[in-house]
Amino acid sequence: MVKENLEKIRKTVPEGVVLVAVSKTKPVEDIQEAYEAGQRVFGENHALEMRDKHEVLPKDIDWHFIGHLQTNKIKYIIPFTRLIHSIDTFNLLQAVNKEAVKHDRVVDCLLQFHIAEEETKFGLSMEEAKDILNSEIFKAMNNVRICGVMGMATNTDDMVLVRKEFKHLKDIFTTLKSKYFADCEWFKEISMGMSHDYPIAIEEGATLVRVGSKIFGERNYNI
Ligand SMILES: *Cc1c(COP(=O)(O)O)cnc(C)c1O
């Protein structure tokens with residue numbers, strides 16, 4: 001089914017938008033099947049799970065970390081991660097930079113913003129982001145590169161609300177781009193949209209969509 005699902009979804013994702021296949025909780029066999037169907041970009045939200053999968057799967061996979069990252073787990077993923085979508089505190093960004101120095105890497109990161117109504121979702125406010133970007137500590141960091149923004153809309157069937165939240169994230173991107181990253185051609189990513197709302201995210205300017213259950217089936221957290 002994974003191959004069929006992927007083919008169906010690819011038809012709905014225009015050129016220029018990257019489909020991140022969210023394989024969290026799913027076995028390596030499912031990832032292998034997606035890989036054989038041509039998928040190369042995968043997203044995971046647990047550091048150890050991603051490390052373990054990275055060890056056994058093909059080395060040309062583009063691994064994206066999309067979940068809340070605890071600072072004591074950073075070390076497991078820094079050697080190979082292509083993009084961290086979920087920088088939600090200054091402390092985390094500093095810790096990623098520090099670990100990246102050890103591996104002599106520059107790690108691409110997105111700033112995660114709180115755009116949903118739910119209190120539980122992680123993410124920065126605009127004010128917090130500006131505090132980071134204006135700080136001397138940030139300006140002295142050489143091993144992280146901020147490539148754009150990420151957000152999760154409210155988990156609801158109300159697509160009017162979801163669209164409004166995606167527009168808000170796009171506005172945040174535009175503001176940061178003009179104020180801090182005007183000359184940085186790498187600051188271009190807007191990561192938004194999941195299985196149930198990614199078509200709207202694409203309409204609102206997403207460059208990366210993170211789709212899990214529509215590709216791999218519903219997750220079962222009880223096993
Ligand atoms: C799980 C997850 C997704 C994918 O969710 P689906 O609804 O299965 O597509 C996307 N983004 C993040 C941050 C996630 O944790």
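How are H6 and H8 oriented to each other? I took this up as the opening entry on this predicted model.

**Entry 1: H6 and H8**

I looked up the two elements: helix H6 covers residues 126-134 and helix H8 covers residues 159-180. Their packing angle is about 20 degrees, and the axes lie 12 Å apart. Angles under 35 degrees count as roughly parallel, and I therefore recorded H6 and H8 as roughly parallel to each other. The crossing of these two helices is right-handed. I then listed the residues that make the contact: H6 contributes Met126, Lys130, Leu133 and Asn134, while H8 contributes Ile172, Thr175, Leu176, Lys179 and Tyr180. Sorted by class, the contact of H6 with H8 has 5 nonpolar, 2 polar and 2 charged residues.

**Entry 2: tyrosine 180**

I next examined one residue of that contact, tyrosine 180, which is found in helix H8. Which residues does tyrosine 180 touch, not counting residues up to four places away in sequence? I noted Lys130, Leu133 and Asn134. For leucine 133, I recorded a separation from tyrosine 180 of 47 residues in sequence and of 7.5 Å in space, C-alpha to C-alpha. For asparagine 134, I found a polar contact between its side chain and the side chain of tyrosine 180, at 3.2 Å.

**Entry 3: H1 and H2**

I turned to a second helix pair, H1 (residues 2-10) and H2 (residues 28-36). Here the angle is about 50 degrees and the axes are 9 Å apart. H1 and H2 are therefore oblique to each other. I entered the crossing of H1 and H2 as right-handed. On the H1 side I listed Val2, Lys3 and Leu6, which meet Asp30, Glu33 and Ala34 in H2. By class, this contact of H1 with H2 comprises 3 nonpolar and 3 charged residues, with no polar ones.

**Entry 4: the ligand surroundings**

Which residues surround the ligand? I listed Val22, Lys24, Ile66, Met150, Met152, Met194, Ser195, Arg210, Val211, Gly212, Ser213 and Arg219.

I then looked up distances from ligand oxygen atoms to polar atoms of the protein. For lysine 24, an N or O atom in the side chain is 2.6 Å from an oxygen atom of the ligand. For serine 195, I recorded 2.5 Å between an oxygen atom of the ligand and an N or O atom in the side chain. For serine 213, the entry concerns the backbone: a polar backbone atom there is 2.8 Å from an oxygen atom of the ligand.

Conventions. Residues are numbered from 1 along each chain as its sequence is written. This is a predicted model: local features need pLDDT of at least 70, side-chain atom pairs count only at pLDDT 80 or more; totals for chains, interfaces and linings use all residues. Side-chain values use heavy atoms; hydrogens and water are left out. Axes are lines fitted to C-alpha atoms, for helices over the stretch in contact, and angles run from 0 to 180 degrees between N-to-C directions. Helices (H or I, at least four residues) and strands (E, at least two) are DSSP runs, numbered from the N terminus. Angles under 35 degrees count as roughly parallel, over 145 as roughly antiparallel, 65 to 115 as roughly perpendicular and the rest as oblique. A crossing is left-handed if the near helix is turned anticlockwise from the far one by less than a right angle, and right-handed if clockwise. Contact means heavy atoms within 4.5 Å. Ala, Val, Leu, Ile, Met, Phe, Trp, Tyr, Cys and Pro count as nonpolar, Asp, Glu, Lys and Arg as charged, and the others, Gly among them, as polar. A residue is near a molecule or strand if one of its heavy atoms lies within 4 Å of it. A polar contact is a pair of N or O atoms within 3.5 Å; within protein, one must be able to donate a hydrogen and the other to accept it, and residues adjacent in sequence count only if both atoms are side-chain atoms.
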